[in-house]
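User: Hey, got a minute to walk me through this one? I'd like to talk about salt bridges and then pockets.

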Amino acid sequence: TGYRIDINTTLVKLAKILNKVHSVVDLNLSLGRTSLNDVGCSAIGRLLDLWPIFRLSIDMIGSTLTDTSWSYITCKLHLLSLEQIYLSFGSTQISDRSLIALAESLPSQLTGCALDLTKLSRLPLANSISTVVSDVGVVALVEAFYKLTSLSKLLLSFYDCTAVTDESGHSIAKLLLKRPKIIEIQLYLHSTNITQSSANAIRRAQTTRHTRFDVQI
């Protein structure tokens, strides 16, 4: 992150080098604020083909990521042995199309999922790009969580996603009520258009079974 290198060429070279590695169970890629494009994401896709990865973390916040680039990664996710996934792509050019693709690709055995679309301006950096996602993508993603019967940890951050409204809020509240196995919950919904109505519904979903229930709206 932050180095003046061609990140896409570097990822291609990395994929060739790591092809000789026998096994990797944790893969952590920090690619924020880079010129990530189709070439780099295709190389990440090839990395995902190499091993039975259990824990995947990809930070792409503030990169030049697009829906097309992201598709090179999502098409691989359902083939992995993933148990935990963390994805950060706030202040990129992705849209609902990417959230829907992610919803269709989540591995059924997933136990932990963190999706962070925090806008870069919320961090100690300035960036004018605001990721354009709406209720269409968020609701599709939440509905996909219903199918993940082992899911116990969930983090969703939609800072500054102003097209996210009560439709998303109520769908999240319904998920928390219907899926008692989700016992660790972190929701960061500042500067969205979620109102008190669905905010209260989310907070009412808290029960004694929750070991963590952190909701900020």
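User: How exposed is Arg 55?

Analyst: Quick note before anything else: this is a predicted model. Arg 55 has 32% relative accessibility, so it counts as partly exposed.

User: And what does Arg 55 pair up with?

Analyst: Its salt-bridge partner is Asp 26, with 2.6 Å between the closest N and O atoms. Arg 55 is in strand β2 (residues 55-59) and Asp 26 is in strand β1 (residues 26-30), so the bridge ties together parts 29 residues apart in sequence.

User: Is Asp 26 buried, partly exposed or exposed?

Analyst: Partly exposed, at 44% relative accessibility.

User: How many salt bridges does the structure hold?

Analyst: Two. Asp 49 and Lys 76 also meet in a salt bridge, at 2.9 Å from N to O. Asp 49 sits in the loop between α2 (38-48) and β2, while Lys 76 belongs to helix α3 (residues 67-77), so this pair links parts that are 27 residues apart in sequence. Asp 49 is partly exposed, with a relative accessible area of 46%.

User: OK, switching to pockets. What volume does the largest pocket have?

Analyst: About 220 Å³. It is lined by 15 residues, and the closest to its centre are Gln 84, Gly 112, Cys 113, Ala 114 and Lys 153.

User: Which elements give two or more residues to that lining?

Analyst: Those are β2, β3 (84-88), β4 (112-116), β5 (153-157) and β6 (184-188).

User: And how do the lining residues divide by character?

Analyst: Eight are nonpolar, four polar and three charged.

How values were computed. Residues numbered from 1 in each chain as written. Predicted model: local features only at pLDDT ≥ 70, side-chain atom pairs only at ≥ 80, totals over all residues. Heavy atoms only, no water. Salt bridge = Lys/Arg side-chain N within 4 Å of Asp/Glu carboxyl O. Helix = DSSP H or I, 4+ residues; strand = E, 2+ residues; numbered from the N terminus. Buried < 20%, exposed > 50% of the residue type's maximum accessible area, 1.4 Å probe, protein only. 1 Å grid on protein atoms, 1.4 Å probe; cavity = no way out; pocket = protein on both sides within 12 Å on 5 of 7 lines; lining within 4 Å. Points joined across faces, edges and corners; volume = space filled by probe spheres on them. Nonpolar A, V, L, I, M, F, W, Y, C, P; charged D, E, K, R; others polar.
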